[in-house]
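Trainee: I am new to this structure and would love a close look at one part of it. Could you walk me through the sheet and what surrounds it?

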Amino acid sequence: MSDTTVKATAAASGASATERFLTDKTGKADKTGKTGAPAKDVDTVRVDTLATAVITAVHDVIRRHQVTYDEYNALKSWLIAVGQDGEWPLFLDVWVEHVVEEVAGESREGTKGTIEGPYYAPDAPALPSVATLPMRDGEAGTPLLFQGRVTGAEGAPLPGAVLEMWQADDDGLYAQFAPGIPEWNLRGRVVSDDDGRFAVTTIQPAPYQIPTDGSCGRLIAAAGWHAWRPAHLHLKVSAPGHQTLTTQLYFKDGAYIETDVASAVKPELVLDPQPAGTGGNEVTYDFVLAPAAL
Ligand code: MBD
Ligand code: FE
């Protein structure tokens with residue numbers, strides 16, 4: 001980490017991620033009164049089924065592992081702290097979302113999806129099909145030309161497809177969630193050309209470390225795990241008449257590629273960029289979108 005970088009604290013990024021989730025995904029108004037999609041009501045019978053199953057699974061763990069009062073109270077104080085740190089989005093997206101995505105994506109054709117994670121922000125700056133993501137003068141990191149084509153499942157190009165991209169910088173930090181980074185840095189909404197093609201200039205992101213000073217970091221340290229996700233580009237790819245694809249792309253032989261703390265790497269999503277002769281790397285990746293559900 002460069003010494004000019006303000007250290008991202010768990011409480012700061014947690015508060016931002018919690019606010020974003022409540023605004024974008026539950027319909028709660030943010031400070032400016034803006035709201036996103038309302039949370040869907042879940043049927044009583046279904047709530048009964050799922051809540052009973054989760055509670056019973058916890059009882060089984062307590063019996064099987066002879067959980068003590070000290071351990072129960074440690075859990076209780078930890079759960080309270082996760083909320084106080086604003087780290088519920090981080091905890092759930094790291095340790096739970098990958099299985100929700102597995103179930104949701106099981107029978108969808110086209111490019112593999114993976115988890116969205118806590119750091120998406122809608123309404124990023126709109127960019128043409130050939131574009132550079134917003135970045136600072138002299139943005140650190142190896143330049144990357146990321147290009148490809150968006151098609152439907154039958155192979156027909158999708159002109160005007162929207163590729164929303166977001167990524168960490170060379171310090172592993174995300175704009176809008178870590179202090180000291182300009183708004184929308186390394187975030188953009190690229191629109192494909194008449195042939196479904198796009199070419200985006202960015203930098204290769206660094207691996208992401210779960211904040212060590214928050215509840216998720218404390219769990220990781222207490223359990224002797226590591227706190228890292230491999231370097232990744234986040235994408236949402238959408239086009240009329242097609243299902244929106246939420247995915248991530250990783251880098252061959254990158255650190256933590258085999259041991260992602262969020263269990264979100266799939267072999268189909270690993271890029272192998274090659275030197276481009278311009279001092280940077282380039283890679284081509286094509287996206288195939290499944291038809292919208294009827
Ligand atoms: C990330 O950058 C991320 O993508 C996920 C899924 C969880 C934590 C941080
Ligand atoms: Fe991420």
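**The sheet and its surroundings**

Mentor: Happy to. In this predicted model, six strands make up an open, mixed sheet, and their order across it is β1-β5-β4-β9-β10-β11. The edges are taken by β1 (126–127) and β11 (270–271); each has a single partner strand, so one side of each has no neighbour in the sheet. As background, strands of a sheet pair through backbone hydrogen bonds, either parallel or antiparallel.

Let us step across the sheet, beginning with β4 and β5. Strand β4 covers residues 162–167 and strand β5 covers residues 187–191, and five bridges hold this pair together in the antiparallel sense. To find the pairing by eye, look for Leu-163, whose bridge partner in β5 is Val-190.

Moving on from β4, we reach β9. These two strands also run antiparallel, joined by six bridges. Here Met-165 is the residue to look for, as it stands opposite Leu-235 in β9. Strand β9 spans residues 232–238 and is mostly covered, with six of its seven residues buried.

Next comes β10. It pairs with β9 in the antiparallel sense, over six bridges, and one place to see this is His-234, which faces Gln-248 in β10. The two strands form a hairpin, with six residues between them. In that turn, Gly-241 has a positive phi of about 80°.

Now for the packing. In soluble globular proteins, nonpolar side chains tend to be buried together. The largest nonpolar core here has 50 residues, and those touching the most other members are Phe-146, Val-150, Ile-210 and Phe-287. Strand β10 (residues 245–251) is the element that gives the most to this core, namely four residues. Domain 1 (3–87) and domain 2 (103–289) both contribute residues, so the core lies between them.

Val-150 is a good residue to zoom in on. Beyond its neighbours within four places in sequence, Val-150 has contacts that include Leu-163, Val-237 and Phe-287. Leu-163 is the residue we met as the partner of Val-190 in β5. Other contacts of Val-150 include Ala-156, Pro-157, Gly-196 and Phe-198.

Finally, have a look at a pair of helices. The axes of α3 (residues 69–84) and α6 (residues 215–223) come within 9 Å and cross at roughly 140°. From α3, Trp-78, Ala-81 and Val-82 make the contact, while α6 supplies Ser-215, Arg-218 and Leu-219. By type, the residues of this contact are four nonpolar, one polar and one charged.

Note on methods: Residues numbered from 1 in each chain as written. Chains lettered and ligands numbered in written order. Predicted model: local features only at pLDDT ≥ 70, side-chain atom pairs only at ≥ 80, totals over all residues. Heavy atoms only, no water. Pairing = 2+ DSSP bridges. Core = buried A, V, L, I, M, F, W, Y, C linked by side-chain atoms within 4.5 Å. Buried < 20%, exposed > 50% of the residue type's maximum accessible area, 1.4 Å probe, protein only. Domains from an automatic or database assignment. Contact = heavy atoms within 4.5 Å. Axes fitted to C-alpha atoms, helices over the stretch in contact; angles between N-to-C directions. Nonpolar A, V, L, I, M, F, W, Y, C, P; charged D, E, K, R; others polar.
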